[in-house]
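Dear colleague,

I am handing over the structure we spoke about, and below it you will find an account of what came out of looking through it. Please read the text with the model open beside you.

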Amino acid sequence: MTHLITTYGLIIVFGLVAIECAGVPVPGETAMIVAGVLSSQGHYPLWEVIVVGAAAAIIGDNAGYVIGRKGGRKLLERTPIIRDYFHKVLPPSERFFEKHGAKTIFLARFVAVLRVTAAWIAGITRMPWWRFAIFNAAGGIVWAALVSVVAYQFGKSAADAIQHYGLYALAAIAVLVGAVILVMRKLHRRGIDHA
């Protein structure tokens with residue numbers, strides 16, 4: 001199993017990230033995180049993980065843009081639930097992308113739902129491709145580098161702690177992660193209750 005992961009892991013990462021960016025909700029970012037952690041354990045050079053992730057993000061988003069540009073409007077006009085609202089929503093969406101499209105494309109990379117849909121929307125709203133391409137590439141490179149480096153550092157720190165302190169460190173990390181998740185949920189619920 002380890003041989004398969006080390007041999008084909010970056011190809012799998014490329015495929016998942018590209019497919020996610022093209023508009024299919026698969027775990028592309030999770031694959032990047034796993035690759036970053038494996039890199040910290042010496043399975044891949046970190047720079048390869050970053051290059052593969054960035055290239056996949058850029059290529060996948062460009063595919064999503066082309067799909068949205070060529071067939072997105074026709075698809076939405078034929079979709080029963082959406083077609084009644086499509087012509088009302090499209091003009092404000094086009095104005096929004098004309099004004100904020102570059103920022104949206106760059107920042108969409110860091111938000112799960114937008115990472116899957118932003119390229120399609122940019123294509124559907126007819127955002128100029130050169131503008132899309134520049135901010136998509138910038139976002140893809142920054143995202144791939146950030147996710148890979150954070151996962152690499154986390155993986156290295158966790159491996160060092162486990163090696164130094166043994167299974168107690170693993171248990172402490174699990175408890176700490178669980179506590180953070182519980183606190184975040186509690187804060188989120190309070191925010192919903194007060195809204």
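**A nonpolar patch on the surface**

Seen from outside, the protein carries a nonpolar surface patch formed by Leu107, Phe110, Val111, Leu114, Val142, Leu146 and Val150, which together offer about 570 Å² of accessible area. Please keep in mind throughout that this is a predicted model. Helix 6, which covers residues 129-165, supplies the largest share of the patch, namely three residues. Another member of the patch, Leu114, has its place in helix 5, made up of residues 112-124, and with a relative accessible area of 33% Leu114 counts as partly exposed.

**Overall build**

The protein has seven helices and zero strands, and reading along the sequence therefore gives the pattern α-α-α-α-α-α-α. Of the 195 residues in the protein, 33% are buried.

Helix 3, which runs over residues 46-78, deserves a separate word, since two descriptions of it have to be held together. Its 33 residues, at 1.5 Å a residue, should span 48 Å, and the C-alpha atoms at its ends are 45 Å apart, which agrees with that expectation. Helix 3 nevertheless bends by about 60° at Gly71.

**Salt bridges**

How many salt bridges does the structure hold? There are three salt bridges in the structure, and two of them meet at one arginine, as described next.

Arg115 forms a salt bridge with Glu20, in which the closest N and O atoms are 3.3 Å apart. Because Arg115 lies in helix 5 and Glu20 in helix 1 (residues 2-22), this pair ties together parts that are 95 residues apart in sequence. Both partners are on the inside by the accessibility criterion: Arg115 is buried, with a relative accessible area of 4%, and Glu20 counts as buried at 5% relative accessibility.

Arg115 also forms a salt bridge with Glu29, and here the closest N and O atoms are again 3.3 Å apart. Since Glu29 belongs to helix 2 (residues 28-40) while Arg115 lies in helix 5, the pair ties together parts that are 86 residues apart in sequence. Is Glu29 buried or partly exposed? With a relative accessible area of 24%, Glu29 is partly exposed, because the cut-off for a buried residue is under 20%. Taken together, Glu20, Glu29 and Arg115 are linked in a network of salt bridges.

The remaining pair is Arg109 with Asp61, whose salt bridge has its closest N and O atoms 2.3 Å apart. This pair links distant parts of the chain, 48 residues apart, with Arg109 in the loop between helix 4 (80-108) and helix 5, and Asp61 in helix 3. Arg109 and Asp61 are both buried.

**The loop after helix 5**

Thr125 lies in the loop between helix 5 and helix 6, and with a relative accessible area of 7% Thr125 is buried. Where does the side chain of Thr125 reach? The side chain of Thr125 comes to the backbone oxygen of Ile121, at 2.9 Å.

With best regards

Notes. Residues are numbered from 1 along each chain as its sequence is written. This is a predicted model: local features need pLDDT of at least 70, side-chain atom pairs count only at pLDDT 80 or more; totals for chains, interfaces and linings use all residues. Side-chain values use heavy atoms; hydrogens and water are left out. Patches are made of residues with over 30% relative accessible area and no salt bridge: like charges are joined within 9 Å, nonpolar side chains (Val, Leu, Ile, Met, Phe, Trp, Tyr) within 5 Å. Accessible areas come from the Shrake-Rupley method with a 1.4 Å probe; for residues, only the protein chains shown count as cover. A salt bridge is a side-chain nitrogen of Lys or Arg within 4 Å of a carboxyl oxygen of Asp or Glu. Helices (H or I, at least four residues) and strands (E, at least two) are DSSP runs, numbered from the N terminus. Buried means under 20% relative accessible area, exposed over 50%, partly exposed in between (1.4 Å probe, protein chains only). The expected span of a helix is 1.5 Å times one less than its number of residues. The bend at a residue is the angle between axes fitted to the seven residues ending there and the seven starting there. A polar contact is a pair of N or O atoms within 3.5 Å; within protein, one must be able to donate a hydrogen and the other to accept it, and residues adjacent in sequence count only if both atoms are side-chain atoms.
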